[in-house]
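Subject: Structure for your files

Hello,

Here is the structure I promised to pass on. My notes follow it.

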Amino acid sequence: LVKTDGSMLYALSLPYWSGTATLPAQLQAQQRLADGQLVAAGKLSLDSEVTRTGFYLASAAKRLAVIGQAAISYPIQPAVPNTGGATPAILPGATGAAFIAPIAFKNQLVLDVVSLNTPGSISVANRVRIDGQLVGSRMVGNILYLVSTWTPDLSKYAPPAGASPSVVDAQLASLSTAEILPTVQIDNQAAQPLLADTDCYLQAANASARVQITSITALDIGSASLQRTSRCFVGESLGMYMSTGNVYLSSSRFYTYPTDASAAVFAAGMQTDIHKFALQGQQITYKASGVVPGHLGWDREKLPYRMSEYQGALRVLSFTSGQGWTFPAPLPLILPASQTGTGTAS
């Protein structure tokens, strides 16, 4: 992947096998001379825990924004001493018993802000981690817009099957907003909520069986403090389209498992909601919601191209077929429940 401002050229290369070893992802800077030749002006190796998906050049701010995705492990619950009965796990090479806590993983969007202030040198100035999976991104000037979707782990609050409303209420009594909303961490600072619950919109007709949060974040990578603003709505986002002043997010009222969309079977009568937010610098303003029959297809990379804005109107291409053509017997990845409604957010 290559970016240039005319005098400098920046290249992001992904990890690759050299024949003897796997070389890490690298960011390289080269200077363009008057005769057109390129001269090496800096190189930065990036850590292997993050899969890089793209980067942006903010020439005025003398910074690069390198975007990636990581899976962070965390213990589901603390390990407890063995009090008899169960046999403790023995780790290879250990001289005694070792207790292993169950491990889970959560997706995090990772942003490396790279400084270009020193000629011939490139270095990571800041690292930003946001809970969730990247849906799409765009940059306008120094403002980087990130759209991500987040599914919190609420398994410990799951009531038993067939539980009465009172049992469900009791099970959810201690659930806090902080456990639902995504967090953001900048450098080594403590993680904090990406936004407040008052920054979120709820679509009354969305009766998804799982809680998903879609967030829009406007981040000024030219500011020393990385100033940011975020808004969100309850529901997933399948695709993002951005015009010069608006972002449109297609959303399903069904929970979609994070896997290959080409293998999905869509429920009969499925509808797709589309939410519109106006973008002006760091200001994110909800404008409207609409609904179209069907869905926007099985190829997630092509979803943004199924929407376009023309003379203030949004044009949408949707499919009403429930089964794709990639596999003869697709897996049912979307909960088969039909919903109806106007798609208006509140």
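In which strand does D273 lie? D273 belongs to β20, which covers residues 271-280. Please keep in mind throughout that this is a predicted model. D273 has a relative accessibility of 0% and therefore counts as buried, the cut-off for that class being under 20%. Its side chain is not without a partner: a polar contact of 3.2 Å joins the side chain of D273 to the side chain of Q203.

Next, the sheet. Five strands form an open sheet with mixed pairing, and their order is β11-β12-β16-β17-β15. The edges are taken by β11 (133-140) and β15 (200-201); each has a single partner strand, so one side of each is left without a neighbour in the sheet. Within the sheet, β16 and β17 run antiparallel to each other and are paired over seven bridges. As one point of register, R231 in β17 is the residue opposite I216.

β16 (213-220) and β17 (228-234) are also the strands on either side of the loop that holds L226. Phi of L226 is positive, at about 55 degrees, although this residue is not a glycine. Is L226 buried or exposed? With a relative accessible area of 2%, L226 is buried, because the class takes in values under 20%.

D187 is another residue to look at for its backbone. It is not a glycine, yet its phi is positive, near 55 degrees. D187 sits in the loop that runs between β13 (183-186) and β14 (192-193). The relative accessible area of D187 is 33%, so this residue is partly exposed; that class lies between the 20% limit for buried and the 50% limit for exposed.

Last, a pocket. What is the volume of the second largest pocket? The value is about 420 Å³. Its lining consists of 21 residues, of which P152, L154, I180, R210 and V211 are the closest to the centre. By class, the lining of this second largest pocket has 14 nonpolar residues, four polar and three charged.

If you open the model with these notes beside you, I would begin with the D273 and Q203 side chains, which make the 3.2 Å contact, and then go to the loop between β16 and β17 for L226.

Regards

Definitions and conventions
Residues are numbered from 1 along each chain as its sequence is written. This is a predicted model: local features need pLDDT of at least 70, side-chain atom pairs count only at pLDDT 80 or more; totals for chains, interfaces and linings use all residues. Side-chain values use heavy atoms; hydrogens and water are left out. Helices (H or I, at least four residues) and strands (E, at least two) are DSSP runs, numbered from the N terminus. Buried means under 20% relative accessible area, exposed over 50%, partly exposed in between (1.4 Å probe, protein chains only). A polar contact is a pair of N or O atoms within 3.5 Å; within protein, one must be able to donate a hydrogen and the other to accept it, and residues adjacent in sequence count only if both atoms are side-chain atoms. On a 1 Å grid over the protein atoms alone, a cavity is a set of points where a 1.4 Å probe fits but cannot get out, and a pocket is an open set with protein on both sides within 12 Å along at least five of seven lines; lining residues have an atom within 4 Å of a point. Grid points are joined across faces, edges and corners, and a volume is the space filled by probe spheres set on the points. Ala, Val, Leu, Ile, Met, Phe, Trp, Tyr, Cys and Pro count as nonpolar, Asp, Glu, Lys and Arg as charged, and the others, Gly among them, as polar. Two strands pair if DSSP finds at least two bridges between them.
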